[in-house]
Amino acid sequence: MADPKLKNEAEIDATLVRQLADILNDTDLTEIEVEKGELRIRVAREITAAPVVQYAAAPAPVAAAPAAAPAAAAAPAAMASDPATIVARSGEEVKSPMVGTAYLQASPEAPKFVQPGDKVKKGQTLLIVEAMKTMNPIQAPRDGVVAEVLVGDAQPVEFGEPLVLLEA
């Protein structure tokens, strides 16, 4: 037969567990442990802060993309009206092979891979496009001179979007 004293302790335990869970919800604690005689109760919750930070940070660059779009749309209009601009923009566009985020340097402290006026060799890294947490180096398709870098650091890019303009 079950001891009535144990039944009462089990009821107390359920109430205590609920109270401890409420404390966890009301505070920033992740774990609570209580001992009462030989009874020991530990209530813990799993923290998933890293994915929350990743998802919270991701929309910020995406929100910046629409602001960049009107500027990009204005550029072709300016080029059409100014023949000198058309000559300056002639060259081979190195386009993004994927959707992702363009980075102009390997790390925030590192120098940029290339800048306008730099001579590059075929296969040299021009920038990196991050897609699905994989860093993909974008390489020069041929020897040439960097005429213009068409994207900003940490800027979202689309498939086929021009990234760098190379001249002979």
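The following questions and answers go through the strands, cores and surface of a predicted model.

User: How many helices and strands are there in the protein, and what pattern do they follow along the sequence?
Analyst: In this predicted model, the protein has four helices and ten strands. Read along the sequence, these elements give the pattern α-β-β-α-α-α-β-β-β-β-β-β-β-β.

User: In what order do the strands of the open sheet of four strands stand?
Analyst: Strand 6 (residues 125-131) is joined to strand 7 (residues 134-139) by six bridges, and three bridges join strand 4 (residues 100-103) to strand 6. Three bridges also join strand 4 to strand 9, and the pairing throughout this open sheet is antiparallel. The twist from one strand to the next averages 35 degrees. Taken together, the order is 7-6-4-9.

User: Which strands stand at the edges of that sheet, and why is one side of each left without a neighbour in the sheet?
Analyst: A strand with a single partner has one side without a neighbour in the sheet, and this holds for two of the strands here because each of them has a single partner strand. The strands at the edges are strand 7 and strand 9 (155-157).

User: Which residues stand opposite Tyr103 and Glu130, and which residue is the bridge partner of Ala102?
Analyst: Tyr103 stands opposite a residue of strand 6, namely Ile128, while Glu130 stands opposite a residue of strand 7, namely Met135. For Ala102 the bridge partner is found in strand 9, and that partner is Gln155.

User: What is the phi of Met132 in the turn between strand 6 and strand 7?
Analyst: Strand 6 and strand 7 run antiparallel, and they form a hairpin that has two residues between them. Met132 is in this turn, and its phi is positive, at about 55 degrees.

User: Why is strand 6 largely enclosed by the rest of the structure, and how many of its residues are buried?
Analyst: Buried here stands for a relative accessible area under 20%. Strand 6 is largely enclosed because most of its seven residues are buried, the number being five.

User: Is Ser96 buried or exposed, and what is its relative accessible area?
Analyst: Ser96 is found in the loop between strand 3 (92-95) and strand 4, and a polar atom of its side chain lies 2.5 Å from the backbone oxygen of Met98. Leaving aside neighbours within four places in sequence, Ser96 is in contact with Val129, Val157, Glu158, Phe159, Gly160, Glu161 and Leu163. Ser96 is buried, with a relative accessible area of 2%.

User: How many residues has the largest nonpolar core, and which strands each supply at least two of them?
Analyst: The largest nonpolar core has 16 residues, and those with the most contacts inside it include Val120, Leu126, Leu127 and Leu166. Val120 is in contact with Leu126 and Leu166, among others, when its neighbours within four places in sequence are left aside. Apart from this core lies another, of six residues, among them Leu16, Leu20, Ile32 and Ile41. The strands that each supply at least two residues of the largest core are strand 6 and strand 10 (162-167).

User: What share of the exposed area of the protein do carbon and sulfur atoms supply?
Analyst: Buried residues make up 19% of the 168 residues in the protein. The protein exposes about 11400 Å², and the share of this area supplied by carbon and sulfur atoms is 59%.

Methods
Residues numbered from 1 in each chain as written. Predicted model: local features only at pLDDT ≥ 70, side-chain atom pairs only at ≥ 80, totals over all residues. Heavy atoms only, no water. Buried < 20%, exposed > 50% of the residue type's maximum accessible area, 1.4 Å probe, protein only. Pairing = 2+ DSSP bridges. Polar contact = N/O pair within 3.5 Å; in protein donor to acceptor, adjacent residues only side chain to side chain. Contact = heavy atoms within 4.5 Å. Core = buried A, V, L, I, M, F, W, Y, C linked by side-chain atoms within 4.5 Å. Axes fitted to C-alpha atoms, helices over the stretch in contact; angles between N-to-C directions. Areas by Shrake-Rupley, 256 points an atom, 1.4 Å probe, with all protein chains shown as cover.
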